[in-house]
Amino acid sequence: MLLQANGITKLYGVTPVLEGIHLQVLERERIGLVGVNGAGKSTLLKILAGEMSYDSGQIFKAKETTVGYLAQNSGLQSERTIWEEMLDVFTPLLETERELRQMEQLIADPKSSEDPKRYQDLLDRYAVRSDWFKDHGGYEIETRIRSVLHGMGFGSFAPDTPIATLSGGQKTRLALAKLLLQAPDLLMLDEPTNHLDIATLTWLEDYLRGYAGALVVVSHDRYFLDRLVTTIVEIERRHSKRYTGNYSRYIELKAAEYESQMKQYEKQQDEIARMEAFIQRNLVRASTTKRAQSRRKALEKMDRMDRPMGELKKAHFSFEVEYMSGKDVLQVSGLSVAFEPGSPLFRDVSFDLHRGETVALIGPNGVGKSTLLKCLIGTMQPSEGSFQWGTKVKLGYYDQEQSELNPNHTVLEELWSAYPHMEEARIRTVLGNFLFSGEDVLKKISSLSGGEKARVSLAKLMLLEANMLILDEPTNHLDLYSKEVLESALMDYEGTLLFISHDRYFLNKMAERIVELHPDGVQHFLGNYDDYTEKKQELLDFNDEPSEPFARHSAKTEHKPEAPEKQGAVSFEAEKQAKREERSRKRKLASLEEQIHTLETEIAQIEEEMTRPEIFQDYVALQERQETVDNKKELLEQIFAEWESLLEE
């Protein structure tokens with residue numbers, strides 16, 4: 001056991017934040033710490049790291065156990081360069097290396113061999129120090145630093161880049177990179193996935209899965225928790241509870257636990273009601289008085305269960321649309337943005353949006369995703385290209401920085417200033433749905449947490465009743481429960497949705513199409529995040545396939561019977577290929593259905609035109625339209641035939 005905390009209690013004044021928290025961490029254990037915003041997760045990590053005092057309880061940690069702790073948004077403050085800061089981790093090894101170089105000079109000096117005993121001692125000391133240097137990774141320092149820096153998104157940075165010139169998010173990533181290089185026995189991370197793009201997130205997951213030490217992580221990233229942790233510790237109502245499994249398993253266990261507790265409680269309540277009814281009926285009758293009194297004593301001695309408390313109060317809301325937009329919502333053509341002439345941030349971006357679509361915009365940090373959205377809402381001007389909004393589009397925009405909120409307003413004033421004609425009772429009801437009740441509505445915006453500001457922004461967006469929502473990282477700052485509420489609201493939304501997100505769980509649940517932004521344009525992928533990653537892997541595999549002559553040569557020379565392992569691999573590949581084909585079939589079906597719908601609509605429109613007197617009486621115009629209809633009907637029959645054959649597969 002690396003660390004054990006028993007009965008930890010923390011008070012702020014007289015208000016308890018944590019009460020009787022229990023936690024134990026074993027070697028190589030991966031623990032996810034979850035709970036709503038304000039539950040005390042970050043406070044607990046600070047206490048375990050020794051950065052905050054606690055009021056009662058005990059913490060046990062072996063003296064030799066090293067602990068690394070990264071607070072939320074704690075950027076690295078240093079006057080050094082990136083490379084110098086990373087090398088600082090390996091100071092003992094670098095000192096040993098200098099010592100070895102000095103000994104090598106002495107060994108090479110002819111004078112040293114004049115005293116055989118001292119010379120032999122020198123050789124022995126050199127052998128011992130050399131082995132220690134090798135065993136502790138002395139020859140892998142540069143490789144480890146380059147690997148971690150590349151994985152954390154600093155591969156393109158010059159090693160001599162001063163840390164002081166980095167942004168806040170980059171400094172936080174660099175602090176995490178340094179902590180990973182230190183490789184403590186116990187790694188405690190508070191929201192490490194903030195400021196990371198999808199590629200860096202994936203690398204970090206894989207790195208931490210192979211990490212030799214133990215891990216305690218606070219995260220609202222459900223995909224990250226599912227892939228990484230094997231234990232969930234939930235902090236709810238100031239107490240902790242341990243569940244075995246990842247986040248999805250924890251959700252199942254918690255629901256089953258509540259259902260079981262509720263059944264036991266209801267069963268006991270039924271038993272109490274029966275006993276009370278028996279006592280009431282039989283207490284006054286002489287023949288049954290003793291039995292009734294006996295039942296009453298048993299009832300008094302009964303250990304009564306408390307009603308299970310169930311889930312905490314959640315925000316609840318929905319996005320309504322005031323009116324529907326036209327079918328074509330947005331057309332973007334050849335869009336480019338350049339802050340300096342001749343060096344565009346991105347260029348040649350083209351895509352369309354149609355009514356009811358849910359499209360995700362993804363790409364690495366710094367590629368210009370938020371900039372592209374700002375162009376679309378009109379707060380920035382593109383350098384080249386154009387975009388055209390469709391008819392009757394009512395636009396709603398969610399800014400991840402919440403820059404549209406006035407810090408001097410109260411929560412109530414913020415909504416009232418946006419909707420001055422709305423009754424106060426209606427605004428208070430809406431804010432209550434977003435968990436702002438009573439005196440909470442009189443809090444200043446400047447005093448709110450990130451999650452609270454996000455809920456205020458979402459409340460304003462909900463009241464707008466827009467039919468086109470553009471969301472920039474909508475799940476940032478939201479706790480796990482608020483994310484689920486937001487997902488439910490957006491899944492029921494009848495308008496069009498374009499959003500940026502690094503939350504892969506959210507991408508999986510919401511995205512129907514993914515647009516990946518690159519400096520030289522965009523790539524389009526049908527489906528959610530898992531479909532996107534599989535398609536990307538297929539493209540990589542395709543590019544890595546051997547040339548055709550080599551493939552033919554291999555086919556001719558390979559006649560040996562396949563080993564069982566090989567057969568298993570072939571079977572797995574066949575199953576994988578079958579899944580790919582099934583997904584491809586479903587996508588093709590969806591595409592064909594869209595084409596059928598489009599053709600039927602076009603045919604109906606032309607046939608309606610043919611009934612108008614100005615067309616009906618013009619033989620040439622009527623003939624042209626009839627030919628168009630015939631061609632479209634012929635194409636429609638072909639697509640129908642293809643659709644039916646795919647349906648029968």
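Me: What covers the buried residues of helix 9?

Reply: In this model, which is predicted, the cover over the buried residues of helix 9 includes strand 3 (30-34), helix 8 (222-228), strand 8 (231-236), strand 9 (239-244), helix 10 (289-301) and helix 15. The buried residues themselves are Tyr247, Tyr250, Lys254, Met262, Tyr265, Gln268, Ile272, Met275, Phe278, Ile279 and Asn282.

Me: How many Å should the 36 residues of helix 9 span, and how far apart are its end C-alpha atoms?

Reply: At 1.5 Å a residue, helix 9 should span 52 Å, and because its end C-alpha atoms are 53 Å apart, the expected span and the model agree. The check can be repeated on helix 15 (residues 480-491), where twelve residues should span 16 Å and the end C-alpha atoms are 17 Å apart, which agrees as well.

Me: Is helix 15 largely enclosed by the rest of the structure or largely open?

Reply: Here one counts residues that have under 20% relative accessible area, since that is what buried means. Nine of the twelve residues of helix 15 are buried, so this helix is largely enclosed by the rest of the structure. The buried ones are Leu480, Tyr481, Ser482, Lys483, Val485, Leu486, Glu487, Ala489 and Leu490.

Me: What describes two packed helices?

Reply: Two packed helices are described by the angle between their axes and by the distance between those axes. For helix 9 (residues 247-282) and helix 15, the axes come within 14 Å and cross at roughly 90°, and the two helices are therefore roughly perpendicular to each other. On the side of helix 9 the contact is made by Tyr247, Tyr250, Ile251 and Lys254, and on the side of helix 15 by Leu480, Tyr481 and Glu484. Sorted by class, this contact has five nonpolar, no polar and two charged residues.

Me: At what angle do helix 12 and helix 13 pack, and how far apart are their axes?

Reply: Helix 12 (residues 411-418) and helix 13 (residues 424-433) pack at an angle of about 120°, with 10 Å between their axes. Angles of 65 to 115 degrees count as roughly perpendicular and those over 145 as roughly antiparallel, and helix 12 and helix 13 are therefore oblique to each other. Their crossing is right-handed. In this pair, Val411, Leu412, Leu415 and Trp416 from helix 12 meet Glu424, Ile427, Arg428, Val430 and Leu431 from helix 13. By class, the contact has seven nonpolar, no polar and two charged residues.

Me: Which residues of helix 13 are buried, and what covers them?

Reply: The buried residues of helix 13 are Ile427, Val430, Leu431, Gly432 and Asn433, and what covers them includes helix 12 and helix 14. Following helix 13 comes Leu435, which has a positive phi near 70°.

Me: Where else is phi positive in a residue other than glycine, and where do Glu191 and Glu465 lie?

Reply: Glu191 has a phi near 50°, a positive value in a residue other than glycine, and is found in the loop between strand 6 (186-190) and helix 7 (198-209). Glu465 has a positive phi near 55° and lies in the loop between helix 14 (450-464) and strand 15 (468-472).

Me: Are Glu191 and Glu465 buried or exposed?

Reply: One reads the relative accessible area against the cut-offs, under 20% for buried and over 50% for exposed, with partly exposed in between. At 9% relative accessibility Glu191 counts as buried, whereas Glu465, with a relative accessible area of 32%, is partly exposed. A further case is Gly366, in the loop between strand 12 (358-362) and helix 11 (369-377), which at 64% relative accessibility counts as exposed.

Me: What do Thr161 and Lys178 touch, leaving aside residues up to four places away in sequence?

Reply: Thr161 lies in the loop between helix 5 (141-151) and helix 6 (168-182), and is buried, with a relative accessible area of 14%. Apart from those sequence neighbours, Thr161 touches Arg80, Thr81, Ile82 and Leu166. Lys178 lies in helix 6 and, at 11% relative accessibility, counts as buried. With its neighbours within four places left aside, Lys178 is in contact with Leu76, Glu85, Met86, Asp88 and Val89.

Terms used: Residues are numbered from 1 along each chain as its sequence is written. This is a predicted model: local features need pLDDT of at least 70, side-chain atom pairs count only at pLDDT 80 or more; totals for chains, interfaces and linings use all residues. Side-chain values use heavy atoms; hydrogens and water are left out. Helices (H or I, at least four residues) and strands (E, at least two) are DSSP runs, numbered from the N terminus. The expected span of a helix is 1.5 Å times one less than its number of residues. Buried means under 20% relative accessible area, exposed over 50%, partly exposed in between (1.4 Å probe, protein chains only). Axes are lines fitted to C-alpha atoms, for helices over the stretch in contact, and angles run from 0 to 180 degrees between N-to-C directions. Angles under 35 degrees count as roughly parallel, over 145 as roughly antiparallel, 65 to 115 as roughly perpendicular and the rest as oblique. A crossing is left-handed if the near helix is turned anticlockwise from the far one by less than a right angle, and right-handed if clockwise. Contact means heavy atoms within 4.5 Å. Ala, Val, Leu, Ile, Met, Phe, Trp, Tyr, Cys and Pro count as nonpolar, Asp, Glu, Lys and Arg as charged, and the others, Gly among them, as polar.
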